[in-house]
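This report looks at charged side-chain pairs and at enclosed space within a protein chain. Please view the sequence and the model together before reading on.

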Amino acid sequence: MTITQHELESRLWDAANALRGPVDPADFKTYVFPMLFWKWVSDTWAQEHDTAFDRYGDELDDEIEAEFHRFELPEGTRWSEVTEKVTNLGAEIAKTFQRIEKANPRSLAGVFGDASWGNQERIPESALLGLIRAFNKITLDPSTVSHDLLGAGYEYLLKNFADESGKKAGEFFTPREVVNLLVGILQPEPGESVYDPACGSGGMLVATINQLRESGKDHRTLRAYGQEINLTTASIARMNLFLHEIEDFDIKRGDTLRAPAFKATSGALRQFDTVIANPPFSLTNWGADRWPSDPRAICGVPPAKNGDYAFVQHMVSSMKPGSGRVGVVMPHGVLFRGGAEANIRQGLIEKDLLEAVVGLPSNLFYSTPIPACLLIFRHQKPVERKEHVLFIDGSTRFVKGKKQNRMSEGDVSALIKAYQTGGAPDGDGGANVRLVPFAEIQQNAFDLNIGRYIKVSAEETADLGAALVAYADARQHRMDAEAVVFERLAAAGIDLSMFGVPSE
């Protein structure tokens, strides 16, 4: 008996709510997703066993049955065998997860994360029993819940957990309309490789596969790769891909900027057709001390207190010659900040790698109210865009919400069309678009602030986020001007302490 998406979502949320009270909502994902994954593996294994028995009957042996199973479940590790135990239940679950991972070293090693299941201060047994009772009401084998439905249910939980977590959600969840916009711009194709160096819960990788499915193309030949520094989040990404029936993927845990995990046999950075990410904004302590000799610093070393251009250069270095393209979410500061970042920005433009800058509405993200932008890089730009950069102002394309704004499907489609055609998608009130020649950007000292090149949204649409961006822009220009003045005064022998500048 199949269930509807609404029924599945309702039951999954009931499972999460079983933890409410003793468990912080920001930690729901740490416990719910491993239990969901285990229930799915167990229910699917049982269905596979029944299929094998129906075909072979009493002739069924372990060797034949193994051919029917995607994952191996050692005796005593199935959901029904463990969850009915009445003592030390959390510790029993932890042991079960370890046994399942050990039995499937190539596919499931580390997939259940590192939650302290036996720590009753973190998850009291009453909450754990409530979680089990809720999942007992759901059968998750493929005959009851299709992969599409289960994947949608997983995404539903991710979105709800993000809503519950507030700012912390920025570490693992990117609003899906932003993901769909990036994927729609980059257009991954069958047979290609797609890589996310800050993959979070795997949403961007899943979206690339879903886009191919929905367009009728063969998604099975797309190869997905990701790296994520947080162990729990990396585990959630792997479970996400499994539940979406994606098998050709490789998610590695680690620090992308300090120790990129994907290397070619030569030791050089591995390269991909599509590179897509929403990395943490303005990361401090990102490992700048290692970058002066790093081959990824193709246009210079970013400042030690801001890793934005480290991620950008890592991604640009990771795109394959010829077919490679990059889409990355960034704060607006990367468009105009001075110093080392200005030099890197100039270098990327002079190499003719930057294809487009897309301004997004404010208050879309969980981690910050300020508007972000998309930077699109391409190894081989179309002839008409060589030595040009396409600017798109999408700041008015949103639906206002109580806590957060969101973009509708129409908003996303309009901005994708604006990128593809280089023209305004629907005239007045759509999106301001302009293809700007290199010479004009050079005249503006390689400042990419969108307002320098096209008329941005009207003043009445401005809000706190836009005001903060304008303030940051003005402040940076003031600081750059002061630095020049103080340098000249010091060269003239004038004591700068009278200006409040500390002596070195």
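Are arginine 176 and glutamate 155 buried or exposed? In this predicted model, both arginine 176 and glutamate 155 are buried. The two residues form a salt bridge whose closest N and O atoms lie 2.6 Å apart, and this pair connects distant parts of the chain, since arginine 176 belongs to helix 9 (residues 176-186) and glutamate 155 to helix 8 (residues 147-165), 21 residues apart.

Across the whole structure, a search finds 21 salt bridges, including those listed here.

| Salt bridge | Closest N to O distance |
|---|---|
| Arginine 176 and glutamate 155 | 2.6 Å |
| Aspartate 255 and arginine 258 | 3.0 Å |
| Arginine 337 and glutamate 341 | 2.7 Å |

Arginine 337 and glutamate 341 are likewise buried, and a network of salt bridges links them with Asp308. Arginine 258, which meets aspartate 255 in a salt bridge, counts as partly exposed because its relative accessibility is 28%, a value between the cut-offs of 20% and 50%.

Turning to enclosed space, a search of the whole structure finds three cavities of 30 Å³ or more, and the largest cavity holds about 50 Å³ of space. Its lining comprises Tyr309, Val334, Leu335, Arg345, Leu348, Ile349, Leu354, Leu375, Phe377 and Leu448, which by class amounts to nine nonpolar residues, one charged residue and no polar ones. Helix 13 (340-350) and strand 7 (372-378) each contribute at least two residues to the lining of the largest cavity, and helix 13 provides the largest share, three residues.

Methods
Residues are numbered from 1 along each chain as its sequence is written. This is a predicted model: local features need pLDDT of at least 70, side-chain atom pairs count only at pLDDT 80 or more; totals for chains, interfaces and linings use all residues. Side-chain values use heavy atoms; hydrogens and water are left out. A salt bridge is a side-chain nitrogen of Lys or Arg within 4 Å of a carboxyl oxygen of Asp or Glu. Helices (H or I, at least four residues) and strands (E, at least two) are DSSP runs, numbered from the N terminus. Buried means under 20% relative accessible area, exposed over 50%, partly exposed in between (1.4 Å probe, protein chains only). On a 1 Å grid over the protein atoms alone, a cavity is a set of points where a 1.4 Å probe fits but cannot get out, and a pocket is an open set with protein on both sides within 12 Å along at least five of seven lines; lining residues have an atom within 4 Å of a point. Grid points are joined across faces, edges and corners, and a volume is the space filled by probe spheres set on the points. Ala, Val, Leu, Ile, Met, Phe, Trp, Tyr, Cys and Pro count as nonpolar, Asp, Glu, Lys and Arg as charged, and the others, Gly among them, as polar.
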